[in-house]
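The following note sets out, point by point, what may be read from the model shown below. It is written for a colleague who has the coordinates open alongside.

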Amino acid sequence: MKRIWKSLLLACNWVVLSVGTSILIILTQPTANISAQEPAASTTVETINSPSSETTNIQKLREALQRSSTPEAPQPTPEVAEPKKPDLAEEPKLSPQEIARQLKFIEADRLYLAGQIPEAQKLYREIKEPFAKTDPPQERKAAILDPTQLSPGGKVYWRESEAGIVTKLQTRTLVPLQLLVEQYPEFIPGHIRYAEVLKQYDRPKEALDILERASSLYPDQPELIKARITALAGEKKWMEASLAARQFAILNPQDPQAPEFANLAEENLKRYKSHIQAEIRGNFIGNIITGALGYAVTGSLLGPFTVLDSSIMLLQGEEAIGESVAKQAKKQLNVITDEAVLGYVNEIGQKLATVGGRNEFKYEFFVIPEESLNAFALPGGKIFINAGAIAKTNSEAELAGLIGHELSHVVLSHGFQLVTQGNLISNVTQYLPLGGTIGQLFSLSYSRDMERQADNLGTRLIVATGYAADGLRNLMVTLKKQQKNSLPSWLSSHPGGGERVSDLENLIIRSSYNRYAYEGVGRHAEIQARVKQLLKEKKAREEKK
């Protein structure tokens, strides 16, 4: 009886929240009618693996680039002209220097695909500028695992902490351990013991902070990562524990303990899902009352059934959410059906997904006919990319960086974590335009730590599939150059753009990732031209209506 009253009280709270949310969203989010997209004629993607086709690509692109740099004859100005919005067709013409740079990239790509790696890398080095503004990474000392390898001062701190543990004196234990990790951060057992002692004295948050800082310095130390996973699980932070384990397994595939970390990731993910299912069952009455409220307000039975469907989806897991929401998204967004464009994006995405480590998902990639550079990922492997992301990126490697970043959110279960935390909010907003789970997914706000994880893993994925390591970094530089008065939508929802560029540059240098690998400029230019034509046709259809 007590639990029922508690659920009813929770439901009343959500009713009040629903009214406020409804008013806010209605005032700030007007309904937008999206016109239907006609299926475009299919086009065959020309292969880039044979030298003959590469030569054809080079010739085609050279002709296209030369045409784009040729000034057009002045057109007579009409007496009365309406203001015209700028579109993709009115981009600045390429300069001779930019054309020459493009052609060098195409030649380097040809050499790279032909197996002439040294010659290709020589050309890439000539074209690419060094990371001049990046601070050189601080020298990191080699990890120490054995106390006998410490300096005399470090050994004193270690012995004092051991004596403090034996005598059960808090100050005598914690003070030398604090000095030890500060002065000898390379000593891995020091961080682990310090965290264990802090937890014993009921200071778990400080223990987690110690392990987090140490893990950021030495992310390749399995015992340190295990200690962090154990500490996170002990605080019932099962999703964070799963992410930490999965990230180690993916970023260190050659480590003998990688399979063990993959198992740890699955175990903690199951614990998190079990916890979420218990919460969903506890809130079930609140969901039903919210659905009944929707029926009373709208007169539609869709509300209660959608509430039930939402709860069932969450109970089923990530793939069920992604499948259901993707169906809604495809209807509302009128995705592009052009075979050449879809084949290009799908080929890149599937290559990245293969090395992502989550083979249980069915990965699908869709292109939205919108000009802005944007993308989003749904739980379970459904990824949507704006056509503008193809039109405004400079190479296949840059586009792979964008897809790799979004794919990393899927692999690390970021979206699922956020959606399960906001289940009832999605039920309240489902009666509004783009509301419900789909509206919530469109406005997912990842934490800075999630963004950093997606950047790091995304870069690792493009490196593992043979793309230039700076693809994601160059994408962010491209976005920065293209911005005028405001950030592009993709970057505006991802905090600290300049800081992230610097972080990615340091990651590439520190990890010795190869910047001088495949860029895919020529092939990208061909698909890019096709995408711009599709967007131009869509705009013309809309103007006729």
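1. Overall composition. Of the 545 residues of the protein, 47% count as buried. The model is a predicted one, and it contains 25 helices and three strands. The exposed surface of the protein comes to about 28000 Å², of which carbon and sulfur atoms supply 55%. Among contacts between residues at least 6 apart in sequence, 72% join residues at least 24 apart.

2. The sheet. How are the three strands ordered? They form an open sheet in the order β1-β3-β2, with mixed pairing. The edge strands, β1 (364-368) and β2, each pair on one side only. From one strand to the next, the twist averages 20 degrees. Helix α14 (residues 318-333) packs on this sheet and touches β1, β2 and β3; the direction of α14 makes about 25 degrees with that of β3.

3. Strand pairing. Strands of a sheet pair through backbone hydrogen bonds, in either a parallel or an antiparallel manner. Both arrangements may be inspected here. β1 and β3 run parallel and are joined by five bridges; in this pairing Ile368 stands opposite Asn386 of β3. β2 (residues 375-378) and β3 (residues 382-386), by contrast, run antiparallel and are joined by four bridges. Across that second pairing, Ala375 stands opposite Ile385, and Leu378 stands opposite Lys382.

4. The hairpin. β2 and β3 form a hairpin with three residues between them. In the turn, Gly380 has a positive phi of about 90 degrees.

5. Burial of the strands. Is β3 covered or open? It is mostly covered, as five of its five residues are buried. On one side lie Lys382, Phe384 and Asn386, and on the other Ile383 and Ile385; both faces are thus covered. Strand β2 likewise has both faces covered, with Ala375 and Ala377 buried on one side and Phe376 and Leu378 buried on the other.

6. Helix α17. This helix comprises 16 residues (396-411), which at 1.5 Å a residue should span 22 Å; the end C-alpha atoms are 21 Å apart, in agreement with that expectation. Because 16 of the 16 residues of α17 are buried, the helix is largely enclosed by the rest of the structure. Just after α17, Ser413 takes a positive phi of about 60 degrees.

7. Salt bridges between helices. Side chains of opposite charge can pair when their charged atoms come close. The structure holds 21 salt bridges. In one of them, the side chains of Arg246 and Glu266 meet at 2.8 Å, N to O. This pair links distant parts of the chain, with Arg246 in helix α10 (residues 238-251) and Glu266 in helix α11 (residues 258-282), 20 residues apart. Arg246 counts as buried because its relative accessibility is 6%, under the 20% cut-off. Glu266, at a relative accessible area of 28%, is partly exposed.

8. A buried pair. The side chains of Arg500 and Asp455 also meet in a salt bridge, at 2.7 Å, N to O. Here too distant parts of the chain are linked: Arg500 belongs to helix α24 (residues 497-510) and Asp455 to helix α21 (residues 448-464), 45 residues apart. Both Arg500 and Asp455 are buried.

9. A pair within one helix. Where do Lys538 and Glu542 lie with respect to each other? Both belong to helix α25 (residues 521-544) and, because they are four residues apart, they are separated by about one helical turn. An α-helix has 3.6 residues a turn, so residues three or four places apart point the same way. The side chains of Lys538 and Glu542 form a salt bridge of 2.8 Å, N to O. Lys538 is buried, with a relative accessible area of 12%, whereas Glu542 counts as partly exposed at 35% relative accessibility.

10. A network. Which residues are linked in a network of salt bridges? Lys128, Asp470, Arg515 and Glu519 are linked in this way.

Key:
Residues numbered from 1 in each chain as written. Predicted model: local features only at pLDDT ≥ 70, side-chain atom pairs only at ≥ 80, totals over all residues. Heavy atoms only, no water. Salt bridge = Lys/Arg side-chain N within 4 Å of Asp/Glu carboxyl O. Helix = DSSP H or I, 4+ residues; strand = E, 2+ residues; numbered from the N terminus. Buried < 20%, exposed > 50% of the residue type's maximum accessible area, 1.4 Å probe, protein only. Expected span 1.5 Å × (residues − 1). Pairing = 2+ DSSP bridges. Axes fitted to C-alpha atoms, helices over the stretch in contact; angles between N-to-C directions. Contact = heavy atoms within 4.5 Å. Areas by Shrake-Rupley, 256 points an atom, 1.4 Å probe, with all protein chains shown as cover.
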